[in-house]
Amino acid sequence: MNHADLVRNVLNHASASPAPIVGQWHNIQLRPDVGAGDTLNVGVAFVDAGNRVHLKMARDLSRLSCLYDDAIDIASFEKLCSVVEEGFNGASAEAFQLNKLSPNARISDGRYASGASIEDILTRLFDATVPVGRPTESDRQPRNRAKSISTEQATRLIIERLIERMGQRAIPFISDGM
């Protein structure tokens, strides 16, 4: 295949790929204590070119207990999130007025977004901007990041690396007792 064929092939595949989906995205924000002014992202809204709203909301807000203890009713905010998702997912952008639903909910200013699919856009933005939506530690499989070794094994590894890197010059740094 010559260079011209390669360029033609790349151009043909590029033109065959579907056009990206574009629109505006917003964070769905929760104000647990309106007087305090705290604002937390609990979901993502994407308004497509057809002016339809697509939502992805956090289902479990139990992480809020770390911030507010028993000062707020977490179950009521979880219910508010489900009402928002059920009531506005697929609705027109004009009907998407959270401030009329609750003084504790609002949307952020719109920002440009594009992607291969609406689900891709929602998932990417949700994962990036909604920390309360991440799985809790109890939901995750424990990760063993460290491998435990004995002091003797560690000493032997260090001596081996010293000798590897320094050769005979490492001998003064190695005590006789090892």
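Is Asn51 buried, partly exposed or exposed? The structure is a predicted model, and in this model Asn51 is partly exposed, because its relative accessible area is 30%, a value that falls between the 20% under which a residue counts as buried and the 50% over which a residue counts as exposed. Asn51 sits in the loop that joins strand 2 (40–48) to strand 3 (53–57). The backbone at Asn51 also deserves attention, since its phi is positive, near 70°, although the residue is not glycine. Most residues other than glycine have a negative phi.

From this loop the view may widen to the whole protein chain. The chain contains 6 helices and 5 strands. Read from the N terminus, these elements follow the order α-β-β-β-α-α-α-β-β-α-α. Of the 178 residues in the chain, 29% are buried. The surface that the chain exposes amounts to about 12100 Å², and 53% of this area is supplied by carbon and sulfur atoms. Among contacts with a separation of 6 or more, residues 24 or more positions apart account for 60%.

The interior comes next. A search of the whole structure finds 1 cavity of 30 Å³ or more, and the volume of the largest cavity is about 30 Å³. The residues that line the largest cavity are Ile28, Gln29, Leu30, Val42, Met57, Leu80, Cys81, Val84 and Ala105. Two or more lining residues are given by each of two elements, strand 1 (21–30) and helix 3 (74–88). By class, this lining holds 8 nonpolar residues and 1 polar residue, with no charged residues.

Helix 3 also contains Val83. Is Val83 buried, partly exposed or exposed? Val83 is partly exposed, because its relative accessible area is 33%, which lies between the limits of 20% and 50%. Val83 and Leu101 are 18 residues apart along the chain, and 9.3 Å separates their C-alpha atoms.

A further loop, between strand 3 and helix 2 (64–68), holds Ser62. With a relative accessible area of 31%, Ser62 is partly exposed. How many residues apart along the chain are Ser62 and Val132? The two are 70 residues apart, and their C-alpha atoms are separated by 8.1 Å.

The path through the model ends at helix 6, which covers residues 151–166. This helix has 16 residues, and the distance from its first C-alpha to its last is 22 Å, close to the 22 Å expected at 1.5 Å a residue. In general, an α-helix has 3.6 residues a turn, so residues three or four places apart point the same way. Which residue follows helix 6? Gly167 does, and its phi is positive, near 65°. A positive phi thus appears at Gly167 and also at Asn51, a residue other than glycine.

Note on methods: Residues numbered from 1 in each chain as written. Predicted model: local features only at pLDDT ≥ 70, side-chain atom pairs only at ≥ 80, totals over all residues. Heavy atoms only, no water. Helix = DSSP H or I, 4+ residues; strand = E, 2+ residues; numbered from the N terminus. Buried < 20%, exposed > 50% of the residue type's maximum accessible area, 1.4 Å probe, protein only. 1 Å grid on protein atoms, 1.4 Å probe; cavity = no way out; pocket = protein on both sides within 12 Å on 5 of 7 lines; lining within 4 Å. Points joined across faces, edges and corners; volume = space filled by probe spheres on them. Nonpolar A, V, L, I, M, F, W, Y, C, P; charged D, E, K, R; others polar. Expected span 1.5 Å × (residues − 1). Contact = heavy atoms within 4.5 Å. Areas by Shrake-Rupley, 256 points an atom, 1.4 Å probe, with all protein chains shown as cover.
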